[in-house]
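Colleague: Got a minute to walk me through this one? I'd like the fold, the pocket and the ring contacts.

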Amino acid sequence: NAGTEADVYISVYGERGDTGSRQLLRSQKSKKFLKGQTDIFAVEAVHLGCLYKIVIGHNGLGSGNGWFLDKVVIKDPVTDLDYTFLCHRWLDQGQDDGNITRELPVTDASTFPGRQELELKREKTWAAEKWKFQKGITLQFYNKLTHGFICLYPDSRVDALGDKKNKYGKVFSMRMNA
């Protein structure tokens, strides 16, 4: 009972405007919006530039009108980019929060130039640096203004006064507490 027989509408928003509300009429499947099914629609519109959100919903009419929407993917034929809008919620007056319309922001990393490369670098950096955030680690930074050390302890305490006689008297040091 996750599909719907209601009329489904979408509005697509981009940096150059929006499509206005469009009913999703002709799917490549014979029956639309069935549980576990991926439906594909062609929506004609002027090129909107980079997409940033959609508003999707249904009219609430028909038997079994509640609908569980996983995600919407929009393929831009001009730039060949895929824009993903994650939902994973009910559009149903009797389920979830009772809304039959959702505003979904873009979640696809490929919509921002260089974003995938930055994400890969972030993952590599995190793999190299995550040890600093494990249980029992104390981070210690040298404050040039006070000429003392600032310690960030594993129990979330911060010693911001700075110990000027710290035995690790280096510009930047870290110590591990067992």
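Modeller: One term up front: Ala, Val, Leu, Ile, Met, Phe, Trp, Tyr, Cys and Pro count as nonpolar, Asp, Glu, Lys and Arg as charged, and the others, Gly among them, as polar. Also, this is a predicted model: local features need pLDDT of at least 70, side-chain atom pairs count only at pLDDT 80 or more, and totals for chains, interfaces and linings use all residues. Residues are numbered from 1 along each chain as its sequence is written, and side-chain values use heavy atoms, with hydrogens and water left out.

Colleague: How do the residues lining the largest pocket divide?

Modeller: Into 23 nonpolar, seven polar and eight charged. A pocket here is an open set of points on a 1 Å grid over the protein atoms alone, where a 1.4 Å probe fits, with protein on both sides within 12 Å along at least five of seven lines. Lining residues have an atom within 4 Å of a point.

Colleague: What volume does the largest pocket have?

Modeller: About 1,200 Å³. That is the space filled by probe spheres set on the grid points, which are joined across faces, edges and corners.

Colleague: Which residues lie nearest its centre?

Modeller: Asp39, Phe41, Val72, Val73 and Ile74, out of a lining of 38 residues. Strands E1 (8-14), E4 (51-58) and E5 (67-75) are the elements that give two or more residues to that lining. E5 supplies the largest share, nine residues.

Colleague: And the fold, what order do the elements run in?

Modeller: From the N terminus, β-β-β-β-β-β-β-α-β-β-β-β. The chain has one helix and 11 strands. Helices (H or I, at least four residues) and strands (E, at least two) are DSSP runs, numbered from the N terminus.

Colleague: How many aromatic pairs are there?

Modeller: Two in the whole structure. Rings of Phe, Tyr and Trp (its six-membered ring) pair if their centres lie within 6.5 Å; planes under 30 degrees apart are stacked, over 60 edge-to-face, the rest tilted. Tyr13 and Tyr52 form a tilted pair, 6.5 Å centre to centre with 50 degrees between the planes. Tyr13 is in E1 and Tyr52 in E4, so the pair ties together parts 39 residues apart in sequence.

Colleague: What about Phe68 and Trp90?

Modeller: Their ring centres are 5.5 Å apart and their planes at 70 degrees, so that pair is edge-to-face. Phe68 sits in E5 and Trp90 in E6 (residues 82-91), 22 residues apart.

Colleague: Is Trp90 buried or partly exposed?

Modeller: Partly exposed, at 22% relative accessible area. Buried means under 20%, exposed over 50%, partly exposed in between (1.4 Å probe, protein chains only). Phe68 is partly exposed too, at 27%, and so is Tyr52, at 43%.

Colleague: Which residue lies over the face of Tyr13?

Modeller: Lys53, at 4.6 Å from the ring centre. The test is NZ of Lys or CZ of Arg within 6 Å of the ring centre and within 35 degrees of the ring normal.

Colleague: Switching to cysteines: how many disulfides?

Modeller: Zero. The cut-off is a pair of cysteine sulfur atoms within 2.5 Å. Cys50 is partly exposed at 31%, whereas Cys87 is buried at 11%.

Colleague: Last one. What does E8 hold that is buried?

Modeller: Gln140 lies in strand E8 (residues 137-143) and is buried at 0% relative accessibility. Leu139 is found in E8 as well, buried at 8%. The C-alpha atoms of Leu139 and Cys151 are separated by 5.7 Å, at 12 residues apart along the chain.
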